[in-house]
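Here are a few exercises to work through with the model open in your viewer. Try each task before you read its solution.

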Amino acid sequence: MASKWIVCATAVTFGRSKEPIERLEAAGCEVRLNPYGRPLHKDEMLEFAGDADALILGNDDLPASVIRKLKKLKVIARYGVGFDGVDIAEARDLDIEVTYAPAANREETADFTFGLILDLERHISQMVIDTRAGKWNKITGTSLYGKTIGIIGVGQIGTAVARRAMGFGMDILGYDIEQRNEPTVYGVVYTTLNDLLRRSDIITIHLPLDDSTRNLIGARELRFVKPGAILINTARAGIVRHGALDHALKTGRLAGFAIDVFGQEPPEHQPYYDYDNVLVTPHVAGNTTEASRRMGNIVVDNILAVKDGADPPDPVTPQHLYESMISMSGTTPPAKFIVPRNE
Ligand SMILES: NC(=O)c1ccc[n+]([C@@H]2O[C@H](COP(=O)([O-])OP(=O)(O)OC[C@H]3O[C@@H](n4cnc5c(N)ncnc54)[C@H](O)[C@@H]3O)[C@@H](O)[C@H]2O)c1
Ligand SMILES: O=C(O)[C@H](O)[C@H](O)COP(=O)(O)O
């Protein structure tokens, strides 16, 4: 009899759904759940998943040095959309599949983005804090109707944000390396990054973190921002240079900032706690019961496909990384990124 596949789930938010775990168990897997309730450090990962056949990966980092030591690993199934924490090239070299859950939390992340926009513009959480403290403090907000939203990265989530912005009666600017036709039905007018920054009252980032987007928004870009605009980042922290951001907040160039994602999670130091106009949330933009169940089932579909010797439905391909590299001028990707997997 074939031995059981060991599936280690580092994902910290499987939500309340037992369905994905039950499916894995029914397919003959032994499922181990993250005992720490947070992303794992390297030594914890090796101890927890040292004999794993499959890894369900939350927002943990999986560098080459760790991947190399997970000797039995056959598939890394990202429980989420971003795969910036995984050394894809190393996994590929070791013939380990890497999969992700595209669009699985699209609507939820777009909802949360609008929640943050509404809170920054109408000061909802501040007034909740005030009234709880016995203060009847009516803070005058800013209208969304008629304002311009600039969406940086008009992919799955950016498009869902545009759809919502249209309902709010906003003008919508978009910046993306690929300009698709479909989003224009939501009123997206494509422009350059600098023009978007100059004209938007609300700027929201929905890019992946890769070589082409790391530090994309730095001091130079923030100088273009319309004074008093607000910035939302539910994508990845590394897309914005944080020193430059601090300056823009201190000088009032940015009237507000909301961030859901950090280079290290949980962050080592209390981030932005000395700013009244910054909202900080713990990487939850995509987390609802429904999205967790959806992501869990996508993860299981991918793992079981690999277990059965089939191609997984949602692979992260070397092409993904190759595309991020060629979009950077002057960068020549290593040849291993362009060899088709089954060649
Ligand atoms: N906070 C959360 O809980 C949460 C949830 C889901 C996703 N995310 C993050 O949001 C990101 C976006 O998710 P998505 O599902 O919309 O991804 P997506 O791939 O559908 O969209 C990304 C868009 O960015 C564009 N893009 C890529 N590189 C670019 C560049 N250098 N310049 C301009 N445009 C570029 C792509 O063409 C694409 O349209 C994910 O990669 C993930 O990191 C966070
Ligand atoms: O459950 C979580 O920890 C997050 O929702 C999940 O990992 C989201 O990952 P992302 O879509 O941001 O890559």
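Contact here means heavy atoms within 4.5 Å. This is a predicted model, where local features need pLDDT of at least 70, side-chain atom pairs count only at pLDDT 80 or more, and totals for chains, interfaces and linings use all residues. Residues are numbered from 1 along each chain as its sequence is written, chains are lettered from A and ligands numbered from 1 in the order in which they are written, and side-chain values use heavy atoms, with hydrogens and water left out.

**Exercise 1.** Find the surroundings of Thr191: which residues does Thr191 touch, not counting those up to four places away in sequence?

*Solution.* Start with the backbone: Thr191 sits in the loop between strand S8 (188-190) and helix H8 (193-199) (helices, H or I, of at least four residues and strands, E, of at least two are DSSP runs, numbered from the N terminus). With that sequence neighbourhood set aside, Thr191 touches Leu173, Gly174, Tyr175, Leu196 and Arg199. Next, look at the side chain, which makes a polar contact with the side chain of Asp195 at 2.6 Å. (A polar contact is a pair of N or O atoms within 3.5 Å; within protein, one must be able to donate a hydrogen and the other to accept it, and residues adjacent in sequence count only if both atoms are side-chain atoms.) Last, check the cover: Thr191 has 17% relative accessibility, so it counts as buried (under 20% relative accessible area; exposed is over 50%, partly exposed in between, with a 1.4 Å probe and protein chains only).

**Exercise 2.** Work out which polar side chains reach ligand 1, and how much of ligand 1 the protein buries.

*Solution.* Go through the ligand's nitrogen atoms: one is 2.8 Å from an N or O atom in the side chain of Ser212, and a nitrogen is 2.9 Å from such an atom of Asp260. Then turn to oxygen, where a polar side-chain atom of His283 lies 3.5 Å away. Taken alone, ligand 1 exposes 860 Å², and the protein buries 89% of that (areas by the Shrake-Rupley method with a 1.4 Å probe; for residues, only the protein chains shown count as cover).

**Exercise 3.** Describe how the rings of Phe114 and Phe168 sit, and whether each residue is buried or partly exposed.

*Solution.* Rings of Phe, Tyr and Trp (its six-membered ring) pair if their centres lie within 6.5 Å; planes under 30 degrees apart are stacked, over 60 edge-to-face, the rest tilted. The count comes to four aromatic pairs. Phe114 and Phe168 make a stacked one, 4.7 Å centre to centre with 15 degrees between the planes. Phe114 is buried at 3% relative accessibility, while Phe168 is partly exposed at 33%.
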